[in-house]
Amino acid sequence: MVPRPTRGGASGRIGRRSRGFCGCKARRIFLTLTDWRDGSCWWAAGLRLALLILALISPGAIAQTTVKTPRTIRVVMDNAYAPYSFQSDEGKLQGILVDQWQAWEKKTGIKVEIHALDWGEALRRMRAGEFDVIDCIVETAERRDYFDFTRAYTPIEASIFFRNDISGITDIASLKGFPVGVKAGDQHIDQLKADGVTTVIPFENNDAVIRAAKQRKINVFVVDDPSALYLLNKAGIEGEFRQSAPIFRDELRRAVRKGDAATLGTVSNGFAAIEPGELKQINEKWFGRTISRIGQYLTYAGYTVVAALLIIAGLAVWNRTLRKKVLQRTAALGASEQKFGRLVELMPVAVYVCDTSGTIQSYNSRAVELWGREPKSGDTAQRYCASLRLWSPDGKLVPHEESKMAEVLRTGVPTHDIEVVIERPDGSCITVLVNIAPLRNDKGELIGAMNCFQDITERKQAEKDLEEANRQLKILSRRRVKVQEEERRHLARELHDEIGQALTAAKINLQAAMKELDGAKSKRIDETAAILERLLGQVRQISLDLRPPMLDDLGLIPALRSLLDQQGRRASVAVHLSAKDMPENLDPEIQTTCFRIAQEAITNAVRHANATQIDIDLGCENGKLRMQVRDDGRGFDAESPQPQTAGLGLIGIKERAALVGGRAKIISSPKKGTTIEVLLPLTVCVERASRGRRQ
């Protein structure tokens, strides 16, 4: 709202002067009436009395018709809209609009309070009635519901700004899919969304947009041209961006709240009163002056004539020298091109170049050799690549229009180390490794692409052979381990059932014979029985070491508990076994693998690490069996490349886990013990097992 004047203002002073003037006039009329001597002309006396009454009541009428003028007007504008309104490095508001309002203040005598805010905040607070005028605003249908606008005082254009490495942006339709930075509250947001650009990112002001562009948070933005060019140059990134032709053309105006005709008239009349020359000086201050070439020519006309004579005199000599140098450079360039052509021709890598339409411009003999034919000029079937067909490594046909060369020519983004299968006219196929780089001119415009590819068919075959050899080796290793376990089981049963029973029977017979003999012979038989007792114990222990029957009869957990108890008693080591959420039936091969890994880890801890505590934790994790064996022994450097740290036992642990599709990880450091973590599948892969049986 425009503040209303208080009592004692300009209108109050004008009222007092009016009353003084009218009082004097009344006294003169009264004296005239009292001096009238002809009493018969009463109608003349009545007329003069009426005039006296009008004179007495006129001061009030004059006071009531005094025009009220505001004392202060509050103006809000954008705080980052150079060169019209923006802040200096010290935070001071400056620009064309600031200077224009100062001139308006001098013309009207009305104090101007200027407020600079983020544009979205300025619009919101103007609608809320906190300000009288909003400046540098564009009239739209939506805003006409809230504001009344002055005449436009300058046209303004807005363009699309995008990074140099992006091509193909020409209009609003080409912005679809790109995140587009825009100032919050800008009228362009609604226009962009109406044209299908939905990925709009609003920023608080134009400064924030350019900061985000400098930090590479956005690559495309739409900002009014004067402000964008000023901020890009100030940020030092003007060389990183290009701009489209203007996509929006608007006009800047000033606006007041809807229906506030008095303020609108005051603002418009005040600016109309400013001399055009003064407005021109303000514009030249911030835009700069146009260089007057006519004045420059007049000032330096004499110097130009003299310089022209000198130039004409030396032109022939310079032209001859220049022509000689051009011929020398042309010859050198031709020689350089010839050397480069020979170098490319001798390269073991195939090289060819396409223009932006995909037409092959040049190539070397190696490319012809790998393609199996030479490109034909103008053949559209050989655009982007001269091969008969292209295939992906997984066997999918790739049309030439969808090849990597076509993609690089569309996007301008290079491609590195891509495998492609080329089919040649004779039906043979080779695998090549492709690297494609875009080619640009001095202006950064995409003019083509270069493709370098090499034959890696033999390498791929060697990789397949190596992979097959590894597969066969794994199958043989699994078979070896399986046969070894079967032999262990057989030997353990033979020792337990045959030799153990025979030794037991011999011991019983000796004990029976000992009762029938005298003392001397009985003593020798008793010694023999003791020897048989020790031998029987050793046979039983060997049988358990070969293959504990508890593993086959009761399962993994009882077998591990028995193994820990035996090792604990034998080596005086504290042991502990923890098993949680274990399935009831495990694959026999998984049980055997887990038991053997634990057996090897316990043996290493007791024999080499001098451990006093051994813990085993069992559980299921993400569909896999997880076992952890920890000891508090002396440990070792697991990352050391020294051979002694990679003993056969540790290698065997990893191999056993890998043979059933699992993995083992060994964690250790000197004086901090050793931990062996094993993850095994709950069941052996059926395909792998069947493949092993077929072998």
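**Salt bridges and a nonpolar patch in a predicted chain**

In this predicted model, E121 counts as partly exposed, at 31% relative accessibility. The side chain of E121 meets that of R124 in a salt bridge, with a distance of 2.5 Å from N to O. Both residues belong to helix α4, which covers residues 119-127, and they stand three residues apart, about one turn of the helix. R124 is likewise partly exposed, its relative accessible area being 47%.

The chain to which this pair belongs has 695 residues, of which 37% count as buried, and its secondary structure comprises 20 helices and 25 strands. When contacts between residues at least 6 apart in sequence are considered, 64% of them join residues at least 24 apart. The accessible surface of the chain amounts to about 41,700 Å², and carbon and sulfur atoms account for 54% of that area.

The count of salt bridges in the model comes to 24. One of them is formed by the side chains of E369 and R366, at 2.9 Å from N to O. These two residues lie in helix α12 (residues 365-371), where a spacing of three residues separates them by about one helical turn. E369 counts as partly exposed, since its relative accessibility is 48% and the partly exposed class runs between 20% and 50%.

A further salt bridge is found between the side chains of E419 and K460, with an N to O distance of 3.1 Å. E419 is located in strand β18 (residues 415-423), whereas K460 is located in helix α14 (residues 457-516), so that the pair ties together parts of the chain that are 41 residues apart in sequence. For E419, the relative accessible area is 25%, and this residue is therefore placed among the partly exposed ones. Elsewhere in the description of charged side chains, E139, R144, E251 and R253 are joined into one network by salt bridges that share partners.

Apart from these charged pairs, the surface carries a nonpolar patch of about 490 Å², which is made by I311, L315, W318, L322 and V326. Of these residues, L322 has its place in helix α11, which extends over residues 301-346. L322 is partly exposed, with a relative accessible area of 34%; because a residue must have over 30% relative accessible area to be included in a patch, the value of 34% for L322 meets that requirement.

Definitions and conventions. Residues are numbered from 1 along each chain as its sequence is written. This is a predicted model: local features need pLDDT of at least 70, side-chain atom pairs count only at pLDDT 80 or more; totals for chains, interfaces and linings use all residues. Side-chain values use heavy atoms; hydrogens and water are left out. Helices (H or I, at least four residues) and strands (E, at least two) are DSSP runs, numbered from the N terminus. Buried means under 20% relative accessible area, exposed over 50%, partly exposed in between (1.4 Å probe, protein chains only). Contact means heavy atoms within 4.5 Å. Accessible areas come from the Shrake-Rupley method with a 1.4 Å probe; for residues, only the protein chains shown count as cover. Patches are made of residues with over 30% relative accessible area and no salt bridge: like charges are joined within 9 Å, nonpolar side chains (Val, Leu, Ile, Met, Phe, Trp, Tyr) within 5 Å. A salt bridge is a side-chain nitrogen of Lys or Arg within 4 Å of a carboxyl oxygen of Asp or Glu.
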